[in-house]
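User: Hello! I am new to this one and would like to walk through a few of its details with you.

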Number of protein chains: 2
Amino acid sequence: MMLMNLSTIQALDAADPLRHKRDDFVVPDHLTYLDGNSLGLLPKSTLERVSRMICRQWGGDAVMSWNIHGWIGLPQRLGAQIAPLIGAEAKEVIVADSASVNVFKLLAAACKAQGSRTTILSEPGNFPTDLYIAQGVAELLQDRHVRTVCAEEIVAAIDADTAVVLLTHVHYKSGRKLDMAAITAAAHAKGALVLWDLCHSAGAVPVNLNACGADLAIGCGYKFLNGGPGAPAFLFVAEALQESLRSPLSGWMGHAAPFAFDDDYVPARGIGRFLCGTPSIIAMAALEQGIASFEGTDLELLWQKARQLSQTFIELVDAKCSGLGLRLISPRDPYARGSHVSFAHDEDAYAVCQALIARGVIPDFRAPDAVRFGFTPLYTSFEDVWKATETLRDVLAQRAWEEPAYQVRAAVT
Amino acid sequence: MMLMNLSTIQALDAADPLRHKRDDFVVPDHLTYLDGNSLGLLPKSTLERVSRMICRQWGGDAVMSWNIHGWIGLPQRLGAQIAPLIGAEAKEVIVADSASVNVFKLLAAACKAQGSRTTILSEPGNFPTDLYIAQGVAELLQDRHVRTVCAEEIVAAIDADTAVVLLTHVHYKSGRKLDMAAITAAAHAKGALVLWDLCHSAGAVPVNLNACGADLAIGCGYKFLNGGPGAPAFLFVAEALQESLRSPLSGWMGHAAPFAFDDDYVPARGIGRFLCGTPSIIAMAALEQGIASFEGTDLELLWQKARQLSQTFIELVDAKCSGLGLRLISPRDPYARGSHVSFAHDEDAYAVCQALIARGVIPDFRAPDAVRFGFTPLYTSFEDVWKATETLRDVLAQRAWEEPAYQVRAAVT
């Protein structure tokens, strides 16, 4: 490991070809924000875009805006803008609903298409909403069940009864990245489909859905895509599968002719059939600016910076916090993880988080024992990484987290 | 019928105790807007509220805003604000997802709870998304089917096999209002549940869910609630039913302890179990201002004005457009309809609509033959009603709608 000090860190920032992208975001002065994988920061252009949509479009042209300002095409337009970030074609991606609702749509549709196969295969400790939705789908469809096996055993567990394999590409807690190509190939060999959760991948690591032969995927708009709190989510269905899947949420926006007002549901051709109700245009206007943050960015440089940020963080924690109770629970190989890193701290991870937040360093607590640090290559600087590790060392060395105030849990963390 | 001219109309506006409410909205100068039941106009306070949320909350406090600014409680808070408009308790209403997604949640949950009963009963020509979602639920659950009978025959059609009756309180096209209390009582007598679609009712006519013994309802945020295009929707579950229903969309926001990150789904107690994924905070901020438009308004006066506006419209059309090809398809009794009125015009309703829009009068075309005029008592004036009928008479008398440009259909109308 090279020896790093503040000067070498500042030299990394000075040499960063993407350092100007930070100026596109509102980065709060008083914070060292390492939680862009929970909520991405505000792009400076978002307020103007949302204000224009509200005042000129809704305020000025009211309902006619659906045509005049192309509101009706926003789900497809935003999907097409996300597609290059995840290795998909424009016609394979659409923005709609929440990630949870999209898991439901694709998982239920895929289970139905898989006929008599009864198993939804996932891993224990997968992001909870994926497991919860899978349990709901199994209960609703009857004669289906959710089976969970450790990620390392997934490939061996896929069999002739596996309808769908439901996995998160980059694990929300550990940051561990799964081998999308290998797992997809193994599933296909047994006739199973795979649904990938890209919430912690899209915009943070290279994703090549079509190169991996992927079937289905969903993802989130408010993490690395910077679309704002609760931003609309996206979904991907490989073109070859689109006509064979029917969304169980057969709302009017997914109808072949929504304004014919026919009594019978006929799904739209293509990806549009996975829309359901009327989408929030204000929320999509904000998401559009989040996605636009990537414009003109060399993605290879972005992924490289992401790896470098998290690797620098691990090296600095190793150097500064040795013997202070932290245990790395993310892979050490930067190619084997996403753009966040988690350390366990026995029973005190929650209080350590609170002590960091009180000092302006923003990680996330993830129950029961993880402190998670996210690195958004568009705006996180190497100096952020340095500051965070300085504060982390101080909090641990001074046992600052033992202060009673930090032990009290709030409703959301 | 009293004889009306512009002076008597202006006298109605002068005497309107709610006329000052119009000042709370951005009413485009160049439009006579009678489409608030498709998209409500922009409240003047919305931009400031949304900007503050974006800049100070998201921009300033980022992820901590979930606690600091109470984002996590917005679905319940907004539900509580809608409750008085629909005759419900605060704890029975929540804001979430779209109206279509909410129909799915409640309909699937109710069908499951109804055990072996197999029929979802609705009416032909119900708002399409209700029928489409019902078809999706029936297909997904198997051994269920959707039966449609005319509204007048609904009560007689409810039997021991009826799981759920799915009806729209105020019909989207005709404006016909159903007798919620009578239908609910008839359904309960046969052991059936009723799910009411309030999209064209909430904020436009009195709704008394609990007084009617209602079970379930959903509604829309972007029509009379003025929440903005594609605003989040709401749902109502009577308190006594909440614990017996499980949402099929069992996402993490409806979990009893979403931040415990347990692997198994356990529904929250109460109305919160009907949440699914992370909701858009920006969209909810806009909706909150829409609902706030009702603050300090005497609802009885509001409903009275709504009836008076649509009644005046019908009387003026009768007087001015007699013999010009229009046929009223809404009830003449203002207590038997909502706050919109539709006229059929044989094969030319679409072109008539386009000719009106070209002249700044904004109705809605509803296939195949209806021109629909909506009256939002918070901002529609009697002079708007006068102007619209003057233009309507001119368009019809001059056969302006025969111009070829008006015959070409756009993607959305």
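User: Which residue is the bridge partner of Val164(B) in S6(B)?

Analyst: Happy to help, and please keep in mind that this is a predicted model. Strand S5 (residues 162–168) of chain B and strand S6 (residues 193–197) of chain B pair in the parallel sense over five bridges. In S6(B), the partner of Val164(B) is Leu193(B).

User: Through which helix does the chain cross from S5(B) to S6(B)?

Analyst: This is a β-α-β crossover, and it is right-handed. The helix on the path from S5(B) to S6(B) is H8 (residues 180–189) of chain B.

User: Which residue in S5(B) does Leu121(B) stand opposite?

Analyst: Strand S3 (residues 119–122) of chain B also pairs with S5(B) in the parallel sense, over three bridges. Opposite Leu121(B) stands Val165(B).

User: How many residues of strand S5 of chain B are buried?

Analyst: Buried here means under 20% relative accessible area. S5(B) is largely enclosed by the rest of the structure, because its buried residues number seven of the seven.

User: Turning to chain A, how far apart are the end C-alpha atoms of helix H13?

Analyst: Helix H13 (residues 382–397) of chain A has 16 residues, so at 1.5 Å a residue it should span 22 Å. The distance in the model agrees with this: 23 Å.

User: Which residue with a positive phi follows H13(A)?

Analyst: Within H13(A), the buried residues include Phe382(A), Trp386(A) and Leu396(A). The buried residues of H13(A) pack against several elements of chain A, among them helix H11 (299–320). After H13(A) comes a residue with phi near 50°, Arg399(A).

Notes:
Residues are numbered from 1 along each chain as its sequence is written. Chains are lettered from A and ligands numbered from 1 in the order in which they are written. This is a predicted model: local features need pLDDT of at least 70, side-chain atom pairs count only at pLDDT 80 or more; totals for chains, interfaces and linings use all residues. Side-chain values use heavy atoms; hydrogens and water are left out. Buried means under 20% relative accessible area, exposed over 50%, partly exposed in between (1.4 Å probe, protein chains only). Helices (H or I, at least four residues) and strands (E, at least two) are DSSP runs, numbered from the N terminus. Two strands pair if DSSP finds at least two bridges between them. A crossover is right-handed if, with the strands pointing away from the viewer, the path from the first strand over the helix to the second runs clockwise. The expected span of a helix is 1.5 Å times one less than its number of residues. Contact means heavy atoms within 4.5 Å.
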